[in-house]
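Trainee: I have a model open and I'm not sure how to read it. Could we go through it together?

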Amino acid sequence: MQAGRNPKWDWHEIVLACDVVVANGWCELRQGDPQVKDLSDLLRHLPLHHDVVRGSDFRSVGSVSRKTTDIATAHPDYLGVSTKGGEETKKVVRQFLDMPNDMKAAARAIREAARAGLFDSSSGSLQADVVAEEGYREGDLSLYLHARRDRDPRVKERKIAEVRNHGHDIECEICGFHFGRRYGERGVGFIECHHVRPLSEGTRETQISDVVLLCSNCHRMIHRGTPWLDPGRLRALLR
């Protein structure tokens with residue numbers, strides 16, 4: 001393959017490069033910098049791209065240095081002309097600005113996974129990746145970051161205690177499924193808790209009457225599609 005015809009930078013690769021730029025005060029790193037050489041070596045050993053799509057200068061110190069320039073010039077405070085680093089690079093820069101601690105942890109996790117060999121695709125060539133028609137490639141390592149609404153576990157605990165205090169079994173309030181009766185000892189006491197009023201509406205004080213106990217099936221059916229079904233509506237559908 002001709003030099004320069006390399007695959008686009010993967011999210012994991014950009015995260016590693018951006019982490020180095022952040023540590024350098026959001027400044028680019030030149031080719032002679034030891035960190036550029038170290039990062040180049042790491043990226044060249046990561047099995048994120050098959051050998052057949054790698055150019056002879058794949059993730060060379062020159063290309064790594066250029067990527068640090070793309071990242072540095074994508075910072076909103078950069079006063080010069082930004083290079084064309086691509087949307088994925090801009091996305092990672094925004095993630096580092098919005099979630100610096102999380103992204104530094106992500107970079108650390110990627111490095112640790114690389115050292116532990118967790119990125120090993122178990123296929124040394126493209127041919128090994130072409131399997132029978134019924135086979136589908138799965139199991140590659142991906143790192144996902146997402147925001148979630150905090151939940152207080154005491155709400156579920158109080159709800160279960162309230163049900164038991166009234167002499168009722170811990171079962172789905174919609175279909176009556178009882179995990180203990182179905183799965184024996186392994187299922188005793190297991191149940192899921194659903195907020196009738198979505199937490200996505202914002203921070204609030206949750207009352208015990210605001211939640212219901214559901215089996216996994218009913219819980220998924222309530223959340224399937226928008227708007228979410230009211231528990232009473234799903235109960236009516238079952239009837």
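**Reading cores and crossings**

Mentor: Sure! Keep in mind that this is a predicted model. Let's start with one residue: L16 touches L39, L42, L43, L46, A107, I110 and R111, leaving aside residues up to four places away in sequence.

Trainee: Which residues have the most contacts inside the largest nonpolar core?

Mentor: A nonpolar core is a set of buried nonpolar residues joined through their side chains. Here the largest one has 25 residues, and V15, L16, L39 and I71 have the most contacts inside it.

Trainee: Which elements give two or more residues to this core?

Mentor: They are α1 (11–23), α2 (34–45), α3 (61–73), α4 (87–98) and α5 (100–116). The biggest share comes from α1, with eight residues. Another core, of 17 residues, lies apart from that one, and its members include I160, I170, F179 and V212.

Trainee: Okay, now crossings. At what angle do the axes of α8 and α9 cross?

Mentor: Angles of 65 to 115 degrees count as roughly perpendicular. The axes of α8 (residues 216–223) and α9 (residues 231–238) come within 10 Å and cross at roughly 110 degrees, so these two helices are roughly perpendicular to each other. The crossing of α8 past α9 is right-handed.

Trainee: And which residues meet there?

Mentor: From α8 you have C218, M221 and I222, and they meet P231, L234 and L238 of α9. Sort that contact by class and you get six nonpolar residues, no polar ones and no charged ones.

Notes: Residues numbered from 1 in each chain as written. Predicted model: local features only at pLDDT ≥ 70, side-chain atom pairs only at ≥ 80, totals over all residues. Heavy atoms only, no water. Axes fitted to C-alpha atoms, helices over the stretch in contact; angles between N-to-C directions. Helix = DSSP H or I, 4+ residues; strand = E, 2+ residues; numbered from the N terminus. Parallel < 35°, antiparallel > 145°, perpendicular 65-115°, else oblique. Left-handed = near helix turned anticlockwise from the far one by under 90°. Contact = heavy atoms within 4.5 Å. Nonpolar A, V, L, I, M, F, W, Y, C, P; charged D, E, K, R; others polar. Core = buried A, V, L, I, M, F, W, Y, C linked by side-chain atoms within 4.5 Å. Buried < 20%, exposed > 50% of the residue type's maximum accessible area, 1.4 Å probe, protein only.
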